[in-house]
Amino acid sequence: GELTLTQTLIFSALLCAAGGALLFFWVNPLTMWLTLATFVGYAVIYTVVLKPMTPQNIVIGGASGAMPPVLGWAAMTGVVSPEALILFLIIFLWTPPHFWALALYRQEDYEKSGLPMLPVTHGREFTILHMLLYTWLLLAVSLLPVSIRMSGIAYGVVALGLGLRFVYLVWQLRREYSDARSKGVFRYSLTYLAALFAVLLADHYLSWL
């Protein structure tokens, strides 16, 4: 309660304007406009509109969270290429099973908050089924860098192993639920994304040796 709503809005507006100016003049206009769209999408469309209205909030809002690779690609190249969109899709499809795993073992907290997270509105079984579907989709999309020669076989092998492990953990969760297993899926989702992008980066540089 130490900051008023007006103070907070002014502060965030100034930061947004300063960041936008830096991107426009020192990077490129495309990156600035994409960043502004991401800012509005997350701060307004997701947080204000979607989060309290629909159990698909994190699915739709996940588009904003998946934008950083696109912004980085646009900053370096000045375009949005298929490679950037694949990186976007990986994070976009990773987001639902990642957050729903958290929502499952924190379901009571979400019920008290009144936020319509999927475990609250549709139940545990429905949520885990969708987590399983998303992990299969994620596995398929994570192999696209190999198919377009964005990366090599080394990345593909690791991505396949990481993805199958993710699918297996969610399948176990569906077969026999426990909060401990849901926490395990959530923790692995963090490891999965970090490891996947680390290997993608390493594979890129190793291909130049």
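Here a trainee and a mentor talk through a predicted model, one question at a time.

Trainee: Let's start with helix α11. How many residues does α11 have, and what is its reach from first C-alpha to last?
Mentor: Helix α11 covers residues 179-206. That makes 28 residues, and at 1.5 Å a residue the expected reach is 40 Å. The model comes close to that expectation, with a reach of 40 Å.

Trainee: Is Ser182 buried or exposed?
Mentor: Ser182 sits in helix α11. Its relative accessible area is 0%. The cut-off for buried is under 20%, so Ser182 counts as buried.

Trainee: Which residues does Ser182 contact, leaving aside its neighbours within four places in sequence?
Mentor: Ser182 is one of the buried residues of α11. Once the neighbours within four places are left aside, its contacts are Ala101, Leu104, Tyr105, Leu173 and Tyr177.

Trainee: Which elements do the buried residues of α11 pack against?
Mentor: First, some of the residues involved: the buried ones include Val185, Phe186, Leu193 and Leu196. The buried residues of this helix pack against α5, α8 (124-142), α9 (144-147) and α10.

Trainee: What about Leu190: is it buried, partly exposed or exposed?
Mentor: Leu190 also has its place in helix α11. Its relative accessible area is 43%. Buried needs under 20% and exposed needs over 50%, so Leu190 is partly exposed.

Trainee: And how far apart in space are Leu190 and Trp94?
Mentor: Along the sequence, 96 residues separate Leu190 and Trp94. In space, C-alpha to C-alpha, the distance is 9.7 Å.

Trainee: On to the rings. How are the planes of Phe24 and Phe25 arranged: stacked, tilted or edge-to-face?
Mentor: The model has eight aromatic pairs. In the pair of Phe24 and Phe25, the centres are 5.0 Å apart and the planes make 80 degrees. Planes over 60 degrees apart count as edge-to-face, so this pair is edge-to-face.

Trainee: Which class of exposure does Phe25 fall into?
Mentor: Its partner Phe24 has 36% relative accessibility and counts as partly exposed. Phe25 has 62%. The cut-off for exposed is over 50%, so Phe25 counts as exposed.

Trainee: Phe166 and Tyr192 pair up as well. What kind of pair do they form?
Mentor: Their ring centres are 5.3 Å apart, with 50 degrees between the planes. The pair links distant parts of the chain, Phe166 in helix α10 (residues 153-175) and Tyr192 in helix α11, 26 residues apart. Both residues are buried. As for the kind of pair, it is tilted.

Trainee: Which residues form one aromatic cluster with Phe166?
Mentor: Tyr192 belongs to the cluster, and one further tyrosine joins in. The partners of Phe166 in this cluster are Tyr188 and Tyr192.

Trainee: Now the pockets. Which elements give two or more residues to the lining of the largest pocket?
Mentor: The largest pocket holds about 420 Å³ of space. Its lining includes Trp73, Met76, Phe197 and Leu201. The elements that give two or more residues are α4 (68-77) and α11.

Trainee: How many charged residues are in that lining of the largest pocket?
Mentor: Sorted by class, the lining of the largest pocket has nine nonpolar and three polar residues. The count of charged residues is none.

Trainee: Which residues that line the second largest pocket are closest to its centre?
Mentor: The second largest pocket has a volume of about 220 Å³. A total of 13 residues line this pocket. The closest to its centre are Tyr42, Tyr46, Ile58, Thr95 and Phe99.

Trainee: Last topic, the loop between α9 and α10. What is notable about the phi of Arg149?
Mentor: Arg149 lies in that loop and is exposed, with a relative accessible area of 77%. Most residues other than glycine have a negative phi. Arg149 has a positive value, near 60 degrees.

Trainee: Which residues does Ser151 touch, not counting residues up to four places away in sequence?
Mentor: Ser151 is found in the loop between α9 and α10. At 9% relative accessibility, Ser151 counts as buried. The residues it touches are Pro145, Val146, Leu200 and Asp203.

Note on methods:
Residues numbered from 1 in each chain as written. Predicted model: local features only at pLDDT ≥ 70, side-chain atom pairs only at ≥ 80, totals over all residues. Heavy atoms only, no water. Helix = DSSP H or I, 4+ residues; strand = E, 2+ residues; numbered from the N terminus. Buried < 20%, exposed > 50% of the residue type's maximum accessible area, 1.4 Å probe, protein only. Contact = heavy atoms within 4.5 Å. Phe/Tyr/Trp six-rings, centres within 6.5 Å; stacked < 30°, edge-to-face > 60°. 1 Å grid on protein atoms, 1.4 Å probe; cavity = no way out; pocket = protein on both sides within 12 Å on 5 of 7 lines; lining within 4 Å. Points joined across faces, edges and corners; volume = space filled by probe spheres on them. Nonpolar A, V, L, I, M, F, W, Y, C, P; charged D, E, K, R; others polar. Expected span 1.5 Å × (residues − 1).
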